[in-house]
Every structure is written in structure tokens, then in C-alpha cells.
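Student: I am new to this structure and would like to learn how to read a few of its features. Could we take them one at a time, with the structure in view?

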Amino acid sequence: MTDELIRHLNLSPEVGRIASRLSEAGERYRLSDADALVLMREAPIALLGALAVARKREVSGNEVYYNRNIHIEPTNICVFKCRFCSYRRGAGEPDAWYHDLDAVERLAAERQGEPITEVHIVGGVHPDHDLDYYCEMIRRVKKALPHVAVKAYTAVELHYIIGKAGLSLEAGLRRLREAGMEAIPGGGAEIFDPEIRGRICPEKPSAAEWLATHEAAHRLGLSTNCTILYGHIERYEHRIDHLRQLRELQDRTHGFDAFIPLKYRNMHNSMSAIGEVSLPEDMKMMAISRLYLDNIPHIKAYWPMLGIGATELALSFGADDIDGTIDDTTKIYSMAGAEEQRPRLTTERMERLVRTAGFEPIERDTFYRPVSRQ
Ligand code: V47
Ligand code: SF4
């Protein structure tokens with residue numbers, strides 16, 4: 001960014017200093033927590049977009065990734081009661097669902113012959129199942145769809161089922177990997193600050209337990225993602241503290257592929273009285289994520305949560321991934337009030353969205369390798 005542009009934006013001296021450091025050629029400037037807080041509080045959104053896209057281009061050039069995937073949500077019955085969750089039910093409650101192993105296998109088998117490359121499995125933490133059950137679920141999905149990568153179970157589910165089996169995290173993850181699990185999604189991180197975490201999801205594994213689960217996965221060479229749930233009762237300081245803990249783990253392991261900022265959606269849950277944050281606030285979060293997490297290659301704008309228009313805009317704020325076709329197979333966000341009530345995007349529509357934003361769409365697999373189709 002030129003000094004002239006920085007002058008036109010009429011920045012405070014502090015924001016001007018940080019913007020100049022970030023846009024200087026040569027050695028990359030790592031944002032401190034204090035810098036990130038100043039940018040969150042004071043930087044004009046146009047500046048954040050320009051800085052974040054410049055950084056995105058350094059990392060992934062003109063490319064923006066999408067994949068062809070489906071979600072399988074085996075159950076919404078959950079032992080936990082996170083206050084922001086619109087999706088969980090107790091066993092026997094209206095709207096509770098449970099697909100047994102045969103049903104999960106059928107859901108996968110229905111997709112035979114389709115060009116999907118990933119099955120994302122995530123659900124409530126069901127009280128009745130053991131590690132063998134989760135391994136068998138993965139084996140059944142792989143039996144039906146041998147060519148897909150199974151990205152399965154959040155750290156919250158993993159921590160619970162491996163703990164119940166009395167195994168170390170590494171030993172439990174090894175068993176799941178032997179069954180065919182190749183990657184771990186980023187859910188369950190929410191917000192790491194213990195006070196805020198205690199108010200929105202008091203029963204969930206702690207930040208240290210979430211991080212330890214991902215660290216163990218990284219030691220085994222499994223690809224994992226990470227998330228934040230923002231826009232509820234947390235302050236900017238809590239968001240930055242969360243990003244810092246992810247950046248520190250990534251410095252040690254380099255195991256995270258992607259970070260996904262998840263906006264709190266407020267319908268039908270016990271925090272519904274809290275409003276949702278604005279679109280500029282979402283874009284600010286996207287840009288700061290790209291700038292602060294200088295060691296995580298991909299920043300994902302998850303369209304079922306953001307909506308399609310905001311996803312296109314997010315590409316001008318540093319995102320380089322829009323996730324997948326999904327094909328109406330997730331309910332987490334539709335039940336929480338997201339615009340996309342039946343999330344489904346064709347690859348043509350995804351490619352158009354990326355091109356409209358000025359980038360080159362690339363179909364990727366779970367590990368960000370380009371997929372070539374003849
Ligand atoms: O951990 C639940 C979030 C997450 C609400 O790794 C809510 O590629 C907003 O992590 N408002 C699960 N968010 C989903 C998830 C995910 C999604 C897509 C891709 C990947 C990936 C991971 O959903 C939970 C929680 O943070 N969530 N309820 C809500 N009312
Ligand atoms: Fe259960 Fe996950 Fe909902 Fe929490 S967010 S209640 S762990 S399904």
C-alpha cells in the first residue's frame with residue numbers, strides 16, 4: 001500500500017504506523033496483540049480490506065479455493081448444553097434425530113457416483129457411544145465412498161470419546177486414523193477465555209483440552225482446522241487472546257490448514273436476546289484473522305453461516321477459501337437463523353462468485369491440493 005493511500009484514509013498515527021509496517025516490502029511484520037487491538041478499534045474497514053488482500057495474495061496469489069463436499073450429522077443429541085447452540089436436543093425431545101450406523105452408511109452410499117472429495121462428519125456428543133462405534137462409522141463411510149477424505153469429529157467429540165475409552169489423546173486419534181479419519185474440523189473452539197467460555201458453554205472441554213487435542217492430531221500428521229465463535233458477549237481482547245493461542249500452537253506444530261471465523265447467529269437458542277454483529281464487523285474479523293494469523297495459510301469464509309453475499313465480500317477482506325458445495329446436508333446454521341435455510345451451491349455458482357470478486361476459483365481437496373477434472 002502506498003503512503004499516499006494511507007494519507008488519504010486519514011489514519012490515526014498509531015494505525016498509520018501499523019499499516020506502514022504491514023505494507024513495507026521485505027521482512028514480514030508480525031502483528032502484536034496491542035497492534036491487533038488498535039486495528040480492531042480504530043482502523044477503517046477499507047484499510048483492513050486492502051491490507052488483508054495484500055497478505056492473502058502473498059500467501060495464495062490470485063487463487064480462491066472451494067471443494068465438493070457433503071456433511072453427515074449423525075445426531076443432534078448432545079450431553080452438553082452450550083447456550084449458543086440452536087441445534088442440540090436431549091434424547092426423546094421433539095426434533096431430536098439420530099442416524100444409526102446403517103443409516104449413516106446409507107447416507108454415504110446415496111452419494112456414490114457423485115464427484116465429492118470430502119465427507120465432513122460432525123454432530124452432538126451422544127451419551128451412549130464408544131470409540132469403536134466412531135471408528136466403525138468412519139469405516140462404513142469409507143466403504144461406501146472409498147475415494148473421499150473423511151474429515152471427522154470436533155475436538156469436543158474427540159476429547160469426550162477418547163476420554164471415555166481411557167486412552168491418551170494420541171492413542172485414541174491413532175485408532176480413528178487407522179479406521180480412515182484423515183482430518184479434523186475446527187469446531188468446538190468457541191472462545192478460549194475461561195470467563196467467557198464458562199458463561200456460554202460451561203460444560204465443554206476447556207481451551208487447554210481443545211488445544212491439546214489438536215496438538216496431538218498435529219503430532220500424528222493429521223490436518224486440522226480451527227475456529228472462533230465471535231460476536232456474542234466477548235470483547236475484542238478475548239478475540240485476540242483466542243487468535244494468539246492458535247498462533248502459538250501453530251508456531252510449534254504447523255498443523256492447522258485453515259482458520260474459520262464463525263459469526264454467532266442468534267435464533268432459537270438461550271442467548272437469543274443478544275443481537276448479531278453487523279456485516280462490517282464480520283469483514284473486520286475476517287481481515288484481522290488474515291493479518292494476525294500469519295502462520296495459518298487459509299482463511300475460510302464459510303458461506304452457510306455468512307450467507308452468499310457476505311462470502312463474496314469476504315474475499316475482499318483476506319479470505320481465500322469458501323468451503324464446499326455441501327448440498328443441503330448441514331443444519332447447524334439453518335437452525336440458528338442463517339439466511340441459507342437449505343445450504344446448496346453448485347460449483348458453477350461458486351466459481352462465478354469467486355470470479356466476480358476478482359479471483360481465480362480452484363477446486364481443492366481436503367488437503368488443499370488442486371483437483372483436476374478431465
Ligand atoms: O463449534 C454452533 C458453531 C461450530 C452456533 O473445519 C454456531 O472446515 C454460530 O466448526 N451461531 C461447528 N455458530 C461448525 C464448525 C465448522 C463449520 C464448517 C467448516 C468447518 C471446518 C468447521 O458451529 C461449533 C460452534 O462454534 N455454532 N451454534 C450459532 N448459534
Ligand atoms: Fe453439543 Fe456442539 Fe451444540 Fe455444544 S455446540 S451443545 S457440544 S452440539
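Tutor: Start with the surroundings of ligand 1, keeping in mind that this is a predicted model. The shell holds 21 residues, and Pro185, Gly186, Gly187, Asn225 and Ala336 come nearest to ligand 1.

Student: Which strands each supply at least two residues of the shell around ligand 1?

Tutor: Those are β5 (223–230) and β6 (256–263). The most comes from β5, which gives 3 residues to the shell.

Student: How is the shell around ligand 1 made up by class?

Tutor: Sort the residues by side-chain class and count. Around ligand 1 there are 10 nonpolar, 8 polar and 3 charged residues.

Student: Which residues does UniProt list for "binding site"?

Tutor: The record, an unreviewed entry, lists Cys78, Cys82 and Cys85 under that name. Such annotations may be inferred rather than shown by experiment.

Student: Where is cysteine 78 found?

Tutor: Cysteine 78 sits in the loop between β1 (63–72) and α5 (101–109). Cysteine 85 also lies in the loop between β1 and α5.

Student: Why does cysteine 78 count as buried?

Tutor: The general idea is to count other C-beta atoms within 10 Å, where 20 or more means buried. Cysteine 78 is buried because it has 23 C-beta neighbours inside 10 Å. Cysteine 85 is buried too, since 21 other C-beta atoms lie within 10 Å.

Student: Which residues does cysteine 78 touch, not counting those up to four places away in sequence?

Tutor: With those sequence neighbours set aside, cysteine 78 touches Arg88, Gly124 and Val125.

Definitions and conventions:
Residues numbered from 1 in each chain as written. Chains lettered and ligands numbered in written order. Predicted model: local features only at pLDDT ≥ 70, side-chain atom pairs only at ≥ 80, totals over all residues. Helix = DSSP H or I, 4+ residues; strand = E, 2+ residues; numbered from the N terminus. Buried ≥ 20, exposed ≤ 12 C-beta atoms within 10 Å, placed from the backbone. Contact = placed C-beta atoms within 7 Å. Near = placed C-beta within 6 Å. Nonpolar A, V, L, I, M, F, W, Y, C, P; charged D, E, K, R; others polar.
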